[in-house]
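Reader: I would like to go through this model step by step, with the reasoning behind each answer set out. Could we begin once the sequence and structure are in view?

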Amino acid sequence: MTPSSIYARPRDAALFLFLAWLIPPLILLQLLLVGLALFDCLGRGPHQALGGAIVVPILVLLVLSQRVSLRQHRRKVVQILGLYGLQVALAVGGEAISAGPIQALHAANAGLLLLAGTSLARTTG
């Protein structure tokens with residue numbers, strides 16, 4: 001890695017800011033989609049697809065947080081990634097063993113994920 005590659009270029013910082021502010025609306029959309037799956041006849045497909053896609057901006061944030069000027073956000077990005085991993089584990093694990101309480105924790109963890117995403121967005125500017 002060259003010395004100049006460890007510093008965030010303006011476009012890297014702008015992308016980080018954009019993605020940090022994108023995470024909370026994506027999580028809110030997830031909540032809307034699960035509500036539509038429960039109370040309408042939408043099905044879980046869109047909820048699951050968006051849930052899988054949310055990992056992409058989180059991973060990009062993780063890569064960008066390695067830049068010197070963005071390192072102050074790394075802990076929050078890692079926290080979001082951890083909560084996302086837990087979210088997937090709760091959904092998949094709860095469904096695999098048909099455990100309602102574990103699946104209910106998936107819903108509670110979504111709230112924590114939203115709080116962590118909002119916290120990151122607010123600290124980025």
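Reader: How many salt bridges does the structure hold?

Author: In general, side chains of opposite charge can pair when their charged atoms come close. In this predicted model, one such contact joins the side chains of Arg67 and Asp12, and another joins those of Arg44 and Glu95. The number of salt bridges that the structure holds is two.

Reader: How many residues apart in sequence are the parts that Arg67 and Asp12 tie together?

Author: The side chains of Arg67 and Asp12 meet at 3.4 Å, N to O. Arg67 lies in the loop between helix H3 (55-64) and H4, whereas Asp12 belongs to helix H1, so the pair ties together parts whose separation in sequence is 55 residues.

Reader: Is Asp12 buried or exposed, and what is the class of its partner Arg67?

Author: A residue counts as buried when its relative accessible area is under 20%. Asp12 has a relative accessibility of 6% and therefore falls under that cut-off. Arg67, at 17% relative accessibility, also falls under it, so the class of Asp12 is buried and that of Arg67 is buried.

Reader: Which elements hold Arg44 and Glu95, the pair that ties together parts 51 residues apart in sequence?

Author: The side chains of Arg44 and Glu95 meet in a salt bridge at 3.0 Å, N to O. The pair ties together parts that are 51 residues apart in sequence, because Arg44 lies in the loop between H1 and H2 and Glu95 lies in helix H4.

Reader: What class of accessibility do Arg44 and Glu95 have?

Author: The class between buried and exposed runs from 20% to 50% relative accessible area. Arg44 has a relative accessibility of 43%, and Glu95 has one of 40%. Both values lie in that range, so Arg44 and Glu95 count as partly exposed.

Reader: Which residues make the nonpolar surface patch of about 310 Å²?

Author: One member of the patch is Leu42, which is found in the loop between helix H1 (10-39) and helix H2 (45-53). At 36% relative accessibility, Leu42 counts as partly exposed. The residues that make this nonpolar patch are Leu29, Leu32, Leu36 and Leu42.

Reader: How are H1 and H2, the helices on either side of that loop, oriented relative to each other?

Author: The axes of H1 and H2 are 8 Å apart and the helices pack at an angle of about 160°, while their crossing is left-handed. Because angles over 145 degrees count as roughly antiparallel, the orientation of H1 and H2 is roughly antiparallel.

Reader: What orientation does H4 have relative to H5?

Author: Helix H4 (residues 74-96) and helix H5 (residues 100-124) pack with their axes 9 Å apart and at an angle of about 165°. That angle makes the orientation of H4 to H5 roughly antiparallel. As for handedness, H4 passes H5 in a crossing that is left-handed.

Reader: How far apart in space are Ala89 and Phe39, C-alpha to C-alpha?

Author: Ala89 has its place in helix H4 and is partly exposed, with a relative accessible area of 44%. Ala89 and Phe39 are 50 residues apart in sequence, and their C-alpha to C-alpha distance in space is 24 Å.

Reader: What pattern does the protein chain follow along the sequence?

Author: The protein chain has 125 residues, of which 36% count as buried, and its C-alpha trace spans about 50 × 25 × 20 Å along the principal axes. There are five helices and zero strands in the chain, and the pattern read along the sequence is α-α-α-α-α.

Conventions:
Residues are numbered from 1 along each chain as its sequence is written. This is a predicted model: local features need pLDDT of at least 70, side-chain atom pairs count only at pLDDT 80 or more; totals for chains, interfaces and linings use all residues. Side-chain values use heavy atoms; hydrogens and water are left out. Patches are made of residues with over 30% relative accessible area and no salt bridge: like charges are joined within 9 Å, nonpolar side chains (Val, Leu, Ile, Met, Phe, Trp, Tyr) within 5 Å. Accessible areas come from the Shrake-Rupley method with a 1.4 Å probe; for residues, only the protein chains shown count as cover. A salt bridge is a side-chain nitrogen of Lys or Arg within 4 Å of a carboxyl oxygen of Asp or Glu. Helices (H or I, at least four residues) and strands (E, at least two) are DSSP runs, numbered from the N terminus. Buried means under 20% relative accessible area, exposed over 50%, partly exposed in between (1.4 Å probe, protein chains only). Axes are lines fitted to C-alpha atoms, for helices over the stretch in contact, and angles run from 0 to 180 degrees between N-to-C directions. Angles under 35 degrees count as roughly parallel, over 145 as roughly antiparallel, 65 to 115 as roughly perpendicular and the rest as oblique. A crossing is left-handed if the near helix is turned anticlockwise from the far one by less than a right angle, and right-handed if clockwise.
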